[in-house]
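Grab a coffee and open the viewer: here are a few exercises to work through at your own pace. Try each task before you read its solution.

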Amino acid sequence: MQQPARFLVLIESDGAMLARMFDAERRQLAEFDASSEEVAVMTTGLSPMHEAGMATWDRALAGHSGAERTAAQVYRLDV
């Protein structure tokens with residue numbers, strides 16, 4: 001059984017904004033275009049955190065540069 005999404009990370013990759021969903025253990029569940037309507041719906045009423053540069057995200061965001069991670073928006077989703 002797949003764990004529910006706990007985090008939504010909006011991060012740039014090669015000039016495009018990606019939305020990446022992760023479970024509580026920071027395992028990726030999905031990846032899609034951050035300009036999709038779903039992102040607006042999921043983030044309504046939530047404030048982004050800028051914690052993607054922290055060590056807890058090292059494995060999950062290993063393919064991104066330090067600058068991309070620093071600029072990323074991390075949303076904690078209600079489960």
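The exercises below treat this predicted model, and each solution goes step by step.

**Exercise 1. Classify the aromatic pairs**

Task: Find how many aromatic pairs the structure holds, and decide whether each is stacked or edge-to-face.

Solution:
- Step 1. The count comes to two aromatic pairs.
- Step 2. Two values are needed, because a pair of aromatic rings is described by the distance of the centres and the angle of the planes.
- Step 3. Take Phe7 and Trp57: their ring centres are 5.2 Å apart and their planes stand at 80 degrees, so this pair is edge-to-face.
- Step 4. For Phe22 and Trp57, the distance is 5.3 Å centre to centre, with 80 degrees between the planes, and this pair is edge-to-face too.
- Step 5. Put together, the ring pairs link Phe7, Phe22 and Trp57 into a cluster.

**Exercise 2. Place the cluster in the chain**

Task: Work out which elements the rings of the cluster come from, and whether these residues are buried or exposed.

Solution:
- Step 1. Phe7 belongs to strand 1 (residues 7-13), while Trp57 is in the loop between helix 1 (37-43) and helix 2 (66-71). The two are 50 residues apart, and their pair links distant parts of the chain.
- Step 2. Phe22 is in strand 2 (residues 16-22), 35 residues apart from Trp57.
- Step 3. For burial, the cut-off is under 20% relative accessible area. Phe7 has 2%, so Phe7 is buried. Phe22, at 1%, is buried, and so is Trp57, at 0%.
- Step 4. Now look at the face of the Trp57 ring: Arg26 lies over it, at 4.6 Å from the ring centre.

**Exercise 3. Read the sheet**

Task: Give the strand order of the open sheet, and explain why strand 3 and strand 4 each have one side left without a neighbour.

Solution:
- Step 1. The sheet has four strands in the order 3-2-1-4, and the pairing is antiparallel.
- Step 2. Strand 3 (28-33) and strand 4 (73-76) are at the edges. Each has a single partner strand, so one of its sides has no neighbour in the sheet.
- Step 3. On average, neighbouring strands are turned by 20 degrees against each other, with direction ignored.
- Step 4. Zoom in on strand 2 and strand 3, which pair over five bridges in the antiparallel sense. Follow Leu18 across, and you reach its bridge partner Asp33 in strand 3.

**Exercise 4. Compare two settings**

Task: Describe the surroundings of Thr43 and of Leu29, and say for each whether the residue is buried or partly exposed.

Solution:
- Step 1. Thr43 is in helix 1. Its relative accessibility is 15%, so Thr43 counts as buried.
- Step 2. The Thr43 side chain reaches the backbone oxygen of Val39 at 2.8 Å. The backbone oxygen of Ala40 is 3.5 Å from a polar atom of that side chain.
- Step 3. Setting aside neighbours within four places in sequence, Thr43 is in contact with Leu8 and Tyr75.
- Step 4. Turn to Leu29, which is in strand 3. With a relative accessible area of 28%, Leu29 is partly exposed.
- Step 5. With neighbours within four places set aside again, the contacts of Leu29 include Gln2, Pro4, Met21 and Phe22. Phe22 also takes part in the ring cluster from the opening exercise.

Methods. Residues numbered from 1 in each chain as written. Predicted model: local features only at pLDDT ≥ 70, side-chain atom pairs only at ≥ 80, totals over all residues. Heavy atoms only, no water. Phe/Tyr/Trp six-rings, centres within 6.5 Å; stacked < 30°, edge-to-face > 60°. Buried < 20%, exposed > 50% of the residue type's maximum accessible area, 1.4 Å probe, protein only. Lys NZ or Arg CZ within 6 Å of the ring centre and 35° of its normal. Polar contact = N/O pair within 3.5 Å; in protein donor to acceptor, adjacent residues only side chain to side chain. Contact = heavy atoms within 4.5 Å. Pairing = 2+ DSSP bridges. Axes fitted to C-alpha atoms, helices over the stretch in contact; angles between N-to-C directions.
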